[in-house]
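Let's take a walk through a protein together. Have a look at the picture first, and then we'll go from the whole chain down to single residues.

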Amino acid sequence: MDPARRQPELNRGQRFYRIASIFYLATAVAGLLWLGAQRGRLGIDLFVDPGTWWIDAGVGLATGALLLAFWWLLRRYVTAARALEQELARLLAPLTLAEALSLALMSAVAEELFFRGALQGALGFLPTALIFALLHSGPGKSFRTWTLFALVGGLILGTLVALRGPLGGAILAHLVVNGVNLGRLARGGTRGPALDGEPA
């Protein structure tokens, strides 16, 4: 590729990375402040029960694998899902693998703090899942698949937090989904969307 053409692509990727990083930082801070107001304090128990951390780790990994399998089925049988992957891959292609994986980590922590932590604590399980899904929308038919995926993900992750309490399992599941899918999309593949609030 012509280096002069490659430079604007790199700049576009860097701009996207900076904007997304600021967005997730702000989301995480808002979630922590809101949770602090709800709970009166913030401690390690917000993320994990030290006595049963291995349960959260196992359930988080299994939940992430389940959501990836659900996306694989959508991709295999729904044309709009494949079209969505192509759109997201074009957006993420300028990012490096390291940038994509760091976005996966930031989005998993920030969105679970805000949605499954603060918002679910304030509004309840179902309204939070619906808001999470609606924020994963965009122009065109292909984005409806993303909204559906986010709704299923929000329901499953919300259930996990409702049953377990700490956010660690949901964060890990979210990280698995976003890490696998963002990593593949950043490399130019078309494997799946992420569960975060940005088209990433």
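**A tour of the helices**

Of the 200 residues in this protein, 42% are buried. Keep in mind as you look around that this is a predicted model. What is the chain built from? It has seven helices and zero strands, so reading from the N terminus you get α-α-α-α-α-α-α. The contacts tell you something about how the chain folds back on itself. Take the contacts between residues at least 6 apart in sequence: 75% of them join residues at least 24 apart.

Now for how helices sit against each other. Two packed helices are described by the angle between their axes and the distance between the axes. Let's use that on two pairs.

Start with helix α4 (residues 97-123) and helix α7 (residues 168-186). Their axes lie 8 Å apart and the packing angle is about 150 degrees. Angles over 145 degrees count as roughly antiparallel, so that is what we call α4 and α7. Their crossing is right-handed. Which residues make the contact? On the α4 side they include L97, A100, L101, A104 and R116, and on the α7 side they include A170, I171, H174, L175 and L182. Sort the whole contact of α4 with α7 by residue type and you find 13 nonpolar, five polar and three charged residues.

Stay with α7 for a moment. Of its 19 residues, 14 are buried, which leaves this helix mostly covered. You can also check its length yourself. At 1.5 Å a residue, the 19 residues of α7 should span 27 Å, and the C-alpha atoms at its ends are 26 Å apart, so the two values agree.

One residue of α7 deserves a closer look: V180. Is V180 buried or partly exposed? Its relative accessibility is 28%, so V180 counts as partly exposed, because buried means under 20% and exposed means over 50%. Leaving aside residues up to four places away in sequence, V180 touches L68 and L175. The partner L68 is 112 residues away from V180 along the chain, yet their C-alpha atoms are separated by 8.4 Å.

The second pair is helix α2 (residues 53-77) with helix α3 (residues 79-92). Here the axes come within 5 Å and cross at roughly 105 degrees. Angles from 65 to 115 degrees count as roughly perpendicular, so α2 and α3 are roughly perpendicular to each other. The contact is made by W71, L74, R75, R76 and Y77 of α2 together with T79, A81, R82, L84 and E85 of α3. By type, the contact of α2 with α3 has five nonpolar residues, one polar and four charged.

How does α3 do on the length check? Its 14 residues should span 20 Å at 1.5 Å a residue, and its end C-alpha atoms are 20 Å apart, so that agrees. The buried residues in α3 are A80, A81, L84, E85, L88, A89 and L92. Look at the spacing in that list with this in mind: an α-helix has 3.6 residues a turn, so residues three or four places apart point the same way.

Last stop: Q14, in helix α1 (residues 3-39). With a relative accessible area of 37%, Q14 is partly exposed. Q14 and L95 are 81 residues apart along the chain, but their C-alpha atoms are separated by 7.1 Å.

Note on methods
Residues numbered from 1 in each chain as written. Predicted model: local features only at pLDDT ≥ 70, side-chain atom pairs only at ≥ 80, totals over all residues. Heavy atoms only, no water. Axes fitted to C-alpha atoms, helices over the stretch in contact; angles between N-to-C directions. Helix = DSSP H or I, 4+ residues; strand = E, 2+ residues; numbered from the N terminus. Parallel < 35°, antiparallel > 145°, perpendicular 65-115°, else oblique. Left-handed = near helix turned anticlockwise from the far one by under 90°. Contact = heavy atoms within 4.5 Å. Nonpolar A, V, L, I, M, F, W, Y, C, P; charged D, E, K, R; others polar. Expected span 1.5 Å × (residues − 1). Buried < 20%, exposed > 50% of the residue type's maximum accessible area, 1.4 Å probe, protein only.
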